[in-house]
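The following paragraphs lead through a protein model from its ring pairs to its metal site, its pocket and its backbone. Please keep the sequence and the coordinates in view while reading.

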Amino acid sequence: MKKSYFIVVFLLGVSTQILAQVDYPSQIQPILTSNCNSCHSQGQNSFNSSSYDAVMASVSPANRYDKNHVIAGDPDGSPLVDKIEPDPDHGNRMPTGGSLSNNEISLIRTWIEEGANAVATNNEIEEENPTEFKLLGNYPNPFNPGTNIRFQVPEAAQYSISIYTVHGQLISEQVGRASIGTNTVAIDLGNRPTGVYIYQLRARVNGTNQVIGSGNMTLIK
Ligand code: HEC
């Protein structure tokens with residue numbers, strides 16, 4: 001691999017550090033701070049809404065849900081979601097004496113669905129009828145051993161996804177045909193060690209291979 005090529009890949013990775021997922025610090029904590037902290041800032045009634053770490057560490061007692069309030073990736077199985085939606089399995093709907101807006105509830109659901117990350121790992125917005133080629137990031141991230149790279153195309157096109165180590169060594173390349181709209185490509189790095197990897201998406205546009213974008217992903221074993 002030529003050194004100049006590696007530098008291009010690396011810079012692209014930095015330039016596509018944009019955000020698309022729900023971001024806990026800017027979108028979720030403010031909802032909890034204004035609606036829940038008055039009663040749960042110190043872990044009262046076994047739920048602590050004061051910070052990301054506190055929320056993730058909150059556990060519902062054995063005579064209630066008997067599990068963590070947030071189950072990453074599973075909004076329907078998370079007591080936190082059950083408590084903010086109508087008719088919870090235990091006790092009253094939260095916040096006591098009111099309710100969150102549908103938008104706030106769906107943000108919390110989406111955040112959990114996306115893996116309940118501490119911060120958003122990408123911030124591209126997904127479009128229903130894309131007019132351009134766009135890399136949407138990978139999910140989940142960090143991951144073990146598999147993650148999904150998502151991108152959108154405005155027309156059917158051949159694509160390739162190359163994966164590199166941070167040292168620019170190509171470790172895999174996957175080629176396929178993308179259909180109009182959002183496409184998801186599963187990546188498995190089960191045979192690789194823990195670390196940060198760079199992926200690069202290329203597509204054949206107007207007869208030439210073009211780099212659509214690249215990003216970083218973290219494998220944690
Ligand atoms: C006015 C005080 C008050 C506010 C505000 C409030 N809570 Fe509560 N919360 C309680 C009380 C009291 C309980 C225990 C009784 C119950 O579950 O209904 C509770 C219980 C809970 C539990 C269940 C704990 C368990 O596992 O048994 C969760 C989760 C929870 N609240 C989340 C929230 C969230 C999220 C908000 C903000 C959107 C919120 N609460 C706002 C008073 C409050």
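Rings of Phe, Tyr and Trp (its six-membered ring) pair if their centres lie within 6.5 Å; planes under 30 degrees apart count as stacked, over 60 as edge-to-face and the rest as tilted. By this rule the count comes to 4 aromatic pairs. In one of them, the rings of Tyr52 and Trp111 have centres 6.4 Å apart and planes at 75°, so the pair is edge-to-face. Because Tyr52 belongs to helix H4 (residues 52–57) and Trp111 to helix H6, this contact ties together parts that are 59 residues apart in sequence. Ring pairs also link Tyr24, Tyr52 and Trp111 into a cluster.

The model is predicted: local features need pLDDT of at least 70 and side-chain atom pairs count only at pLDDT 80 or more, while totals for chains, interfaces and linings use all residues. Residues are numbered from 1 along each chain as its sequence is written, and side-chain values use heavy atoms, with hydrogens and water left out.

The protein chain has 6 helices and 7 strands, where helices (H or I, at least four residues) and strands (E, at least two) are DSSP runs, numbered from the N terminus. Their order from the N terminus on is α-α-α-α-α-α-β-β-β-β-β-β-β. Of the 221 residues in the protein chain, 40% are buried; the term means under 20% relative accessible area, with exposed over 50% and partly exposed in between (1.4 Å probe, protein chains only). Trp111, at 1% relative accessibility, counts as buried, whereas Tyr52, with a relative accessible area of 22%, is partly exposed.

Which residues coordinate the iron atom of the ligand? His40 (NE2) and Met94 (SD) do so, at 2.0 to 2.2 Å. Donors are N, O and S atoms within 2.8 Å of the metal (3.2 Å for Na, K and Ca); water is not among the atoms, so sites may look incomplete. The 6 donor atoms subtend angles of 88 to 178° around the iron atom of the ligand, which makes the arrangement octahedral. Six donors count as octahedral if opposite donors are over 155 degrees apart and all others between 65 and 115. Since His40 lies in helix H3 and Met94 in the loop between H5 and helix H6 (102–113), the pair ties together parts that are 54 residues apart in sequence. His40 is buried, with a relative accessible area of 12%.

The backbone next to Met94 is also notable for its geometry: the peptide bond from Met94 to Pro95 is cis, with omega near -5°. A second cis bond runs from Asn141 to Pro142, with omega near 0°, and Pro142 lies in the loop between E1 and strand E2 (146–153).

Two residues that are not glycines have a positive phi. Ser46, in the loop between H3 and H4, has a phi of about 65° and at 28% relative accessibility counts as partly exposed. Asp87, in the loop between H5 and H6, has a phi of about 55° and at 70% relative accessibility counts as exposed.

Finally, Gly137 is found in strand E1 (residues 134–139) and is buried, with a relative accessible area of 7%. The C-alpha atoms of Gly137 and Gly215 are separated by 6.8 Å, although these residues are 78 residues apart along the chain.

Technical notes: Tetrahedral: all angles 85-135°; square planar, octahedral: opposite > 155°, others 65-115°.
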